[in-house]
Amino acid sequence: METFQETILRTKTSWETMEEYNKECEKRKARAEKFKTTYVPPKLEDYLPWTEVKRIQDAEKGKLQANGFATGIDVTDAEEIAKQEARKKRFAAAKEGEEKDSKDDDGDNNADTSAEAAE
(Lines give C-alpha, C1' and ligand atoms only; values in the text may rest on other atoms or scores of the structure.)
Protein backbone atom coordinates (compact mmCIF):
# COMPACT_ATOMS: atom_id res chain seq x y z
CA MET A 1 0.00 0.00 0.00
CA GLU A 2 1.25 3.43 -0.89
CA THR A 3 1.85 5.84 2.01
CA PHE A 4 1.06 9.53 2.11
CA GLN A 5 4.71 10.48 1.52
CA GLU A 6 5.07 8.01 -1.36
CA THR A 7 1.98 9.48 -2.99
CA ILE A 8 3.45 12.98 -2.74
CA LEU A 9 6.92 11.93 -3.90
CA ARG A 10 5.63 10.17 -7.01
CA THR A 11 6.14 13.20 -9.23
CA LYS A 12 8.45 16.16 -8.97
CA THR A 13 5.67 18.64 -9.69
CA SER A 14 3.60 17.24 -6.83
CA TRP A 15 6.58 17.53 -4.51
CA GLU A 16 7.20 21.16 -5.47
CA THR A 17 3.53 21.91 -5.05
CA MET A 18 3.52 20.29 -1.63
CA GLU A 19 6.46 22.49 -0.59
CA GLU A 20 4.33 25.52 -1.49
CA TYR A 21 1.44 24.01 0.47
CA ASN A 22 3.65 23.44 3.53
CA LYS A 23 4.94 27.03 3.36
CA GLU A 24 1.35 28.28 3.29
CA CYS A 25 0.54 26.06 6.28
CA GLU A 26 3.45 27.57 8.22
CA LYS A 27 2.29 31.12 7.34
CA ARG A 28 -1.23 30.34 8.52
CA LYS A 29 0.04 28.74 11.75
CA ALA A 30 2.17 31.81 12.49
CA ARG A 31 -0.77 34.11 11.77
CA ALA A 32 -3.10 32.06 13.97
CA GLU A 33 -0.57 32.13 16.78
CA LYS A 34 0.06 35.87 16.37
CA PHE A 35 -3.64 36.77 16.49
CA LYS A 36 -4.57 33.97 18.91
CA THR A 37 -7.06 32.35 16.56
CA THR A 38 -7.55 28.76 15.50
CA TYR A 39 -5.38 27.39 12.73
CA VAL A 40 -7.25 26.41 9.58
CA PRO A 41 -5.10 24.58 7.03
CA PRO A 42 -5.44 25.52 3.36
CA LYS A 43 -7.36 23.20 1.07
CA LEU A 44 -5.26 20.71 -0.86
CA GLU A 45 -7.55 21.27 -3.84
CA ASP A 46 -6.08 24.75 -4.20
CA TYR A 47 -2.59 23.31 -4.72
CA LEU A 48 -3.01 19.91 -6.38
CA PRO A 49 -5.23 18.44 -9.11
CA TRP A 50 -8.29 16.67 -7.75
CA THR A 51 -6.90 13.28 -8.81
CA GLU A 52 -3.84 13.74 -6.58
CA VAL A 53 -6.01 14.98 -3.72
CA LYS A 54 -8.19 11.89 -4.02
CA ARG A 55 -5.12 9.60 -3.94
CA ILE A 56 -3.80 11.36 -0.84
CA GLN A 57 -7.14 11.12 0.94
CA ASP A 58 -7.47 7.43 0.05
CA ALA A 59 -3.90 6.75 1.20
CA GLU A 60 -4.63 8.40 4.56
CA LYS A 61 -7.75 6.26 4.97
CA GLY A 62 -5.93 3.10 3.88
CA LYS A 63 -8.19 2.65 0.86
CA LEU A 64 -5.61 3.20 -1.86
CA GLN A 65 -6.27 0.93 -4.83
CA ALA A 66 -2.93 -0.50 -6.01
CA ASN A 67 -4.12 -0.89 -9.59
CA GLY A 68 -6.89 -2.56 -11.48
CA PHE A 69 -10.64 -2.18 -11.42
CA ALA A 70 -12.14 -0.09 -8.62
CA THR A 71 -15.87 -0.35 -8.00
CA GLY A 72 -16.30 2.06 -5.13
CA ILE A 73 -17.91 -0.79 -3.19
CA ASP A 74 -16.01 -2.96 -0.75
CA VAL A 75 -17.17 -6.39 -1.94
CA THR A 76 -15.49 -8.07 1.04
CA ASP A 77 -17.53 -6.10 3.60
CA ALA A 78 -19.96 -8.26 5.61
CA GLU A 79 -22.81 -5.80 5.01
CA GLU A 80 -22.26 -5.89 1.24
CA ILE A 81 -22.12 -9.68 1.24
CA ALA A 82 -25.44 -9.79 3.13
CA LYS A 83 -26.97 -7.41 0.56
CA GLN A 84 -25.73 -9.63 -2.28
CA GLU A 85 -27.24 -12.74 -0.68
CA ALA A 86 -30.59 -10.97 -0.15
CA ARG A 87 -30.53 -9.83 -3.77
CA LYS A 88 -29.79 -13.38 -4.96
CA LYS A 89 -32.74 -14.73 -2.96
CA ARG A 90 -35.07 -12.01 -4.17
CA PHE A 91 -34.21 -12.47 -7.84
CA ALA A 92 -34.19 -16.27 -7.59
CA ALA A 93 -37.75 -16.12 -6.22
CA ALA A 94 -38.77 -13.72 -8.99
CA LYS A 95 -37.23 -15.97 -11.62
CA GLU A 96 -39.08 -19.03 -10.26
CA GLY A 97 -42.32 -17.03 -10.35
CA GLU A 98 -41.73 -16.13 -13.99
CA GLU A 99 -41.08 -19.77 -14.88
CA LYS A 100 -44.38 -20.81 -13.23
CA ASP A 101 -46.25 -18.06 -15.10
CA SER A 102 -44.75 -19.10 -18.43
CA LYS A 103 -45.71 -22.75 -17.78
CA ASP A 104 -49.26 -21.70 -16.94
CA ASP A 105 -49.46 -19.60 -20.10
CA ASP A 106 -48.27 -22.51 -22.22
CA GLY A 107 -50.86 -24.78 -20.62
CA ASP A 108 -53.67 -22.30 -21.26
CA ASN A 109 -52.62 -21.87 -24.88
CA ASN A 110 -52.60 -25.61 -25.42
CA ALA A 111 -56.03 -25.95 -23.83
CA ASP A 112 -57.46 -23.25 -26.13
CA THR A 113 -56.02 -24.82 -29.25
CA SER A 114 -57.34 -28.29 -28.29
CA ALA A 115 -60.82 -26.82 -27.66
CA GLU A 116 -60.70 -25.10 -31.06
CA ALA A 117 -59.58 -28.34 -32.70
CA ALA A 118 -62.54 -30.20 -31.14
CA GLU A 119 -65.04 -27.79 -32.70
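These legends walk through several close-up views of a predicted model.

Residues are numbered from 1 along each chain as its sequence is written, and side-chain values rest on heavy atoms, with hydrogens and water left out. Because the model is predicted, local features need pLDDT of at least 70 and side-chain atom pairs count only at pLDDT 80 or more, whereas totals for chains, interfaces and linings use all residues.

**View 1. The whole protein has four helices and zero strands.**
Reading along the sequence, you meet the pattern α-α-α-α. Helices (H or I, at least four residues) and strands (E, at least two) are DSSP runs, numbered from the N terminus. Of the 119 residues, 16% are buried; here buried means under 20% relative accessible area, exposed means over 50%, and partly exposed lies in between (1.4 Å probe, protein chains only). The protein exposes about 10100 Å², and carbon and sulfur atoms supply 52% of that area. Accessible areas come from the Shrake-Rupley method with a 1.4 Å probe, and for residues only the protein chains shown count as cover. Among contacts with a separation of 6 or more, 42% link residues 24 or more positions apart, a contact being heavy atoms within 4.5 Å.

**View 2. Seven residues make up the largest nonpolar core.**
Look for Met18, Tyr21, Cys25, Leu44, Leu48, Val53 and Ile56. Which elements give two or more residues to this core? They are helix 2 (12-34) and helix 3 (50-61), and helix 2 gives the most, with three residues. A nonpolar core is a set of buried Ala, Val, Leu, Ile, Met, Phe, Trp, Tyr and Cys residues joined through side-chain atoms within 4.5 Å. In soluble globular proteins, nonpolar side chains tend to be buried together. Zoom in on the core member Cys25: leaving aside residues up to four places away in sequence, Cys25 touches Tyr39 and Pro42.

**View 3. Lys36 sits in the loop between helix 2 and helix 3.**
Although Lys36 is not a glycine, its phi is positive, at about 55°. Is Lys36 buried or exposed? With 75% relative accessibility, Lys36 counts as exposed.

**View 4. In helix 2, Glu24 and Arg28 form a salt bridge.**
The N to O distance between these two side chains is 3.2 Å. A salt bridge is a side-chain nitrogen of Lys or Arg within 4 Å of a carboxyl oxygen of Asp or Glu. Glu24 and Arg28 are four residues apart in helix 2, so about one helical turn separates them. Arg28 is partly exposed, at 33% relative accessible area. A search of the whole structure finds four salt bridges, and the next view visits others.

**View 5. Helix 4 (residues 78-118) carries the pair Glu79 and Lys83, and also the pair Glu85 and Lys88.**
In the salt bridge between Glu79 and Lys83, the closest N and O atoms are 3.9 Å apart. These partners are four residues apart, so about one helical turn lies between them. Glu79 is exposed, with a relative accessible area of 53%, while Lys83 is partly exposed at 39%. The side chains of Glu85 and Lys88 meet in a salt bridge at 3.6 Å, N to O. Glu85 and Lys88 are three residues apart, about one turn of the helix. Glu85 counts as partly exposed at 37% relative accessibility, and Lys88 is exposed at 53%. Which residues do salt bridges with shared partners join into one network? They are Glu79, Glu80 and Lys83.
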